[in-house]
Amino acid sequence: MQNYFKFFVLFNILAATSIVWSQSKERDVPYTKALYTFIDHYYNNQISSMDKAEEFYITAVDSLPECFTEYSKLVHLSRCEFYLGMYVMGEYDFSSIEKIKSITDTTDNTKNLSQQIKNKKAQAASYFDKAISLAQEALKIREGSDAYIIYAMAISSNCTVKNSSYVINNGLKVGSYSKKALQLDSTNGTACYYQYAQDLYAPAFFSNYKRGYSKMLSFYNNDSLRKEKMDNYYFITGIAYSFYKTNNYPEALEWYKKSLEIYPNNQFALKMIKLLSKI
């Protein structure tokens, strides 16, 4: 009876704080339901405007459980900043820079498009910078796997929106902090992904598609890892991208289709499927 009472109390505490526990139930800082909802809507292209994104963001920030330590609060807030930055980065298709090359009517159009891209990148970077700052504050309190990995994630995304000097000075930190995250928690699926993502997405001279494919497939099939929904999406699309970059288009197409089982309306996957279907 006493054990049942303890379980009942614990259950109600978890329900009240709206925490989402992952498979191992041992992650460094659990996700709140509100933040998970924000992430799901982002990956599934269900956020219609920046105003809506900010609503999700504010709700996620306000979902901070009272039981969180100062370290956990900082990691949670860092995640909120990161995913708002991810929305901004995805809100404007940076590949539209290619459209600049095809604009032949006026120089003004080229300048306007270029400035729009520049502004969006700067806006996204401001959120990633805040995520980095919050992760750094968390790590001053103690070293933690989730603090290191959100730090690595924000740096990785900053490498997409900042200039080449930032990439040169900070790019290698992604792998370094991912490694530290794994040293503290070898089941951290997100850290596994970021440890080897550079094999897939780094410039050709630094990439290793064969190893990237092998690692992503092993992580995807490894049930002992603690994997969030978005981790499996990244493993699958990483596998797909490795096939795409090695010109195995049929396999790439099948894996991108498989990613839609997780996020049916993900625009990146749908774009790649449309592209591959024409090859």
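Contact here means heavy atoms within 4.5 Å. With that cut-off in hand, a walk through this predicted model can start at phenylalanine 38. Once neighbours within four places in sequence are set aside, Phe38 is in contact with Ile47, Ala53, Phe56, Tyr57, Cys80, Tyr83 and Leu84.

Phe38 also belongs to a wider assembly. The largest nonpolar core comprises 81 residues, and Phe38 is listed among those with the most contacts inside it, together with Tyr43, Phe82, Tyr83, Met86, Met230 and Tyr256. Helix H4, spanning residues 70-91, supplies the largest share of this core, namely 11 residues. As helpful background, nonpolar side chains tend to be buried together in soluble globular proteins.

Helix H4 also holds serine 78. This serine has a relative accessibility of 0%, and because buried means under 20%, Ser78 counts as buried. Beyond its neighbours within four places in sequence, Ser78 is in contact with Ala131, Leu134, Ala135 and Ile150.

Phe38 returns in the packing of two helices, H2 and H3. Helix H2 covers residues 33-43 and helix H3 covers residues 50-62; their axes lie 8 Å apart and the angle between them is about 155°. Since angles over 145 degrees count as roughly antiparallel, H2 and H3 are therefore roughly antiparallel to each other. The crossing of H2 past H3 is left-handed. On the H2 side, the contact involves Ala34, Leu35, Thr37, Phe38 and His41, which meet Ala53, Phe56, Tyr57, Thr59 and Ala60 of H3. Sorted by class, this contact has 7 nonpolar and 3 polar residues, with no charged ones. Three of the H3 names will look familiar: Ala53, Phe56 and Tyr57 also appear among the contacts of Phe38.

A second helix pair, further along the chain, is formed by H8 (residues 164-184) and H9 (residues 189-196), which pack at about 150° with their axes 8 Å apart. This angle makes H8 roughly antiparallel to H9. H8, too, passes its partner H9 in a left-handed crossing. Here the residues from H8 are Val174, Gly175, Ser178, Lys179, Ala181 and Leu182, and they meet Ala191, Cys192, Tyr194 and Gln195 in H9. The contact of H8 with H9 divides into 6 nonpolar, 3 polar and 1 charged residues.

Definitions and conventions
Residues are numbered from 1 along each chain as its sequence is written. This is a predicted model: local features need pLDDT of at least 70, side-chain atom pairs count only at pLDDT 80 or more; totals for chains, interfaces and linings use all residues. Side-chain values use heavy atoms; hydrogens and water are left out. A nonpolar core is a set of buried Ala, Val, Leu, Ile, Met, Phe, Trp, Tyr and Cys residues joined through side-chain atoms within 4.5 Å. Buried means under 20% relative accessible area, exposed over 50%, partly exposed in between (1.4 Å probe, protein chains only). Helices (H or I, at least four residues) and strands (E, at least two) are DSSP runs, numbered from the N terminus. Axes are lines fitted to C-alpha atoms, for helices over the stretch in contact, and angles run from 0 to 180 degrees between N-to-C directions. Angles under 35 degrees count as roughly parallel, over 145 as roughly antiparallel, 65 to 115 as roughly perpendicular and the rest as oblique. A crossing is left-handed if the near helix is turned anticlockwise from the far one by less than a right angle, and right-handed if clockwise. Ala, Val, Leu, Ile, Met, Phe, Trp, Tyr, Cys and Pro count as nonpolar, Asp, Glu, Lys and Arg as charged, and the others, Gly among them, as polar.
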